[in-house]
Amino acid sequence: MRYGFVIDQNRCIGCHACTVACKEEHQVPLGVFRTWVKYVEKGEYPNTSRHFGVMRCNHCDAAPCVTICPTKALYRRSDGIIDFDNQRCIGCKSCMQACPYDALYIDPNNNTAAKCNFCAHRVEANLEPACVIVCPTQAILAGDLDDPASKVARAVATQKVCVRKPEKGTEPKLFYVGIEDDLLHPTRLSRQSGYVFAEQRDHRPSEKSFDPALTREVYDVAHPAPWGWKIAAYLWTKSIAAGVMIVAAMLMALAGNSSMRIFSIVSPMIALVALGITMALLVLDLKRPDRFYYLLTKPNFRSWLVIGAYILMGFGAMCVVWLLYGLFKDFVPGVVLVLTTVLAAASACYSAFLFAQAKGRDFWQGKWSFCWHLLVQALVAGAATWVICQAVTNFRMPFGGIQPAHVLVLSLFLSLITLLMEIAIPRGTEDGKRAKKVLLQGELSRRFWLSAVALGLILPITLFLLDPPLAPSIAAVLALYGLLWFEYLWVKAGQSVPLS
Ligand code: SF4
């Protein structure tokens, strides 16, 4: 059994009755929607036309929201309906990043994710969903796609149907008949901040302003970007925690000395503080921080949020072991060095896989290149932190040994080359290209080139080459500053492309 919808846009009159019936059935609060009717207009007066698209969850057979949900709050029922359990939801918003169709929202009443659930309670009572019952033109059909006698199966078999973004591989079970093609491709639309009935307050950075030649979006509902500065700051503090330990292990190994107190004691202390802030940021970013422990008690081991939480905990545990050896034995055994370095690298890199599970965001799909970039960023952050520590405590590596400043300048070079390669690699999809354009040439470009590239990479490298007084310390502070901006802009650019 596979429940699905067929929506015939040739019949739809854009009356919003489905939206209102859904709101009433599920007591959906003001400002958020389980289903909504999007309007677009084409042409120039007097030759204009208006088209409607009824938007909602597609009850995907390969639902990325189910995969990424860390607590199995989103799940697929045996009848194919993608339902949710708000008692398990921690409000991490990752499902909103994974869904390529903007189908989810955070319910302001209980701060948990919600969406169309096919009126599962009505289906169980042999009733049709509220939107189907209310539609005055019978534009919405709901039923079992596996039953050849059902209306939906017959419509799919006999009419020309299409789905939204089939290239995402989500296998949607919402089929459209007669939908205007531009409604299926939101990046083709000319966006406006003022609509027929409303203003769009979450107008996102975009390089496309009003253009009469394009199809115009004239009514939509707001879809604010789910992740903000806390996620950027978490990437930054995580880089510092991981980088401090990786660089310490490297320097100890290169010096052939595992008993240097600055590394055996101070490094795990810095890493544990940075890790503590990282975890605090993650918890504070949850809409339900009181449920953060559900990551451990109700885990979905397919979600990189859960895998990442275990990696961070393992890394934290190894930092404690390292610190205990430093405090009580005055040296760190090789096995502890290796295990901590591996877990530090995993802590730095796992976010690449988490971001790639956000299937809605094409800009974040290059998981291996981003993984490498995160590792290099951890080296930059770790080396910069050690350079600042060196300036404060005046410690020196053994005579002739490699200094943290050497690691910093090398990792800055690597970071610059990695960034240039990331920029040079063409993005395969329209959404990916557009997000890249927003970052490199659009609304975010000034900050990106000035703060992340010029101040964060080029100036620190130049300072090392010119070697004025205090060059390493100034370069280290600039590198950390640039890295924070990079994370912020990267997170923002990925979410700049409209999904619906
Ligand atoms: Fe619905 Fe989006 Fe999940 Fe697909 S990915 S099942 S459209 S919420």
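Mentor: Two strands are said to pair if DSSP finds at least two bridges between them. Keep that in mind as we go through this structure, which is a predicted model.

Trainee: Over how many bridges do S2 and S3 pair, and in which sense?

Mentor: S2 and S3 pair over 10 bridges, and the sense of the pairing is antiparallel. To fix one position in your mind, find Glu41, which stands opposite Arg50 in S3. A hairpin through two residues joins S2 to S3, and the loop between S2 and S3 is where Pro46 is found. The peptide bond that leads from Tyr45 to Pro46 is cis, with omega near 5°.

Trainee: In which order do the strands of that sheet stand, and which of them are at the edges?

Mentor: It helps to begin with a general idea about strands: in a regular strand the side chains alternate between the two faces of the sheet. In our case the sheet is open and has three strands in the order S3-S2-S11, with antiparallel pairing. Strand S3 (47-56) and strand S11 (216-219) stand at the edges, and each has a single partner strand, so one side of each is left without a neighbour in the sheet. On average, neighbouring strands of this sheet are turned by 30° against each other, if direction is ignored.

Trainee: What pairs with S11, and what packs on the sheet?

Mentor: Strand S2 (residues 35-44) pairs with S11 in the antiparallel sense over three bridges, and Tyr39 stands opposite Tyr219 in S11. Helix H1 (residues 17-26) packs on the sheet, where it touches S2 and S3, and the direction of H1 makes about 160° with that of S2.

Trainee: How should I read the sheet of four strands, and is its pairing mixed or antiparallel?

Mentor: Read the order of the strands, which is S8-S1-S10-S9 in this open sheet, and then the pairing, which is mixed. The edges are held by strand S8 (140-144) and strand S9 (161-162), each with a single partner strand, so one side of each is left without a neighbour in the sheet. Strand S1 (residues 3-8) runs antiparallel to S8 and is joined to S8 by five bridges, and Tyr3 stands opposite Asp144 in S8. Helix H6 (residues 151-158) packs on this sheet, touching S1, S8, S9 and strand S10 (174-177), and the direction of H6 makes about 105° with that of S8.

Trainee: Now for the helices: at what angle do H14 and H16 pack, and how far apart are their axes?

Mentor: Two packed helices are described by the angle between their axes and the distance between the axes. Helix H14 (residues 404-424) and helix H16 (residues 445-466) pack at about 140°, and their axes are 10 Å apart. H14 and H16 are therefore oblique to each other, since the name "roughly antiparallel" is kept for angles over 145 degrees. The crossing in which H14 passes H16 is left-handed. Among the residues of H14 in this contact are Leu408, Leu412 and Phe413, while those of H16 include Trp449, Ile458 and Phe464. The residues of the contact of H14 with H16 divide into 16 nonpolar, two polar and no charged.

Trainee: How do H8 and H17 pack, and is their crossing right-handed or left-handed?

Mentor: Helix H8 (residues 229-255) and helix H17 (residues 471-494) pack at an angle of about 140°, with their axes 8 Å apart, and H8 and H17 are therefore oblique to each other. Their crossing is right-handed. The contact is made by residues including Trp229, Leu235 and Trp236 of H8 and Leu480, Glu487 and Tyr488 of H17. By class, the contact of H8 with H17 has 12 nonpolar residues, one polar and one charged.

Trainee: Which residues come nearest to the ligand, and what classes make up the shell around it?

Mentor: Of the 13 residues around the ligand, those that come nearest are Cys57, Asn58, Cys60, Cys65 and Cys99. The shell around the ligand has 10 nonpolar, two polar and one charged residues.

Trainee: Where does Asn126 lie, and what is its phi?

Mentor: Asn126 lies in the loop between helix H4 (120-124) and helix H5 (130-134). The phi of Asn126 is near 60°, which is a positive value in a residue other than glycine.

Terms used. Residues numbered from 1 in each chain as written. Predicted model: local features only at pLDDT ≥ 70, side-chain atom pairs only at ≥ 80, totals over all residues. Heavy atoms only, no water. Near = heavy atom within 4 Å. Nonpolar A, V, L, I, M, F, W, Y, C, P; charged D, E, K, R; others polar. Axes fitted to C-alpha atoms, helices over the stretch in contact; angles between N-to-C directions. Parallel < 35°, antiparallel > 145°, perpendicular 65-115°, else oblique. Left-handed = near helix turned anticlockwise from the far one by under 90°. Contact = heavy atoms within 4.5 Å.
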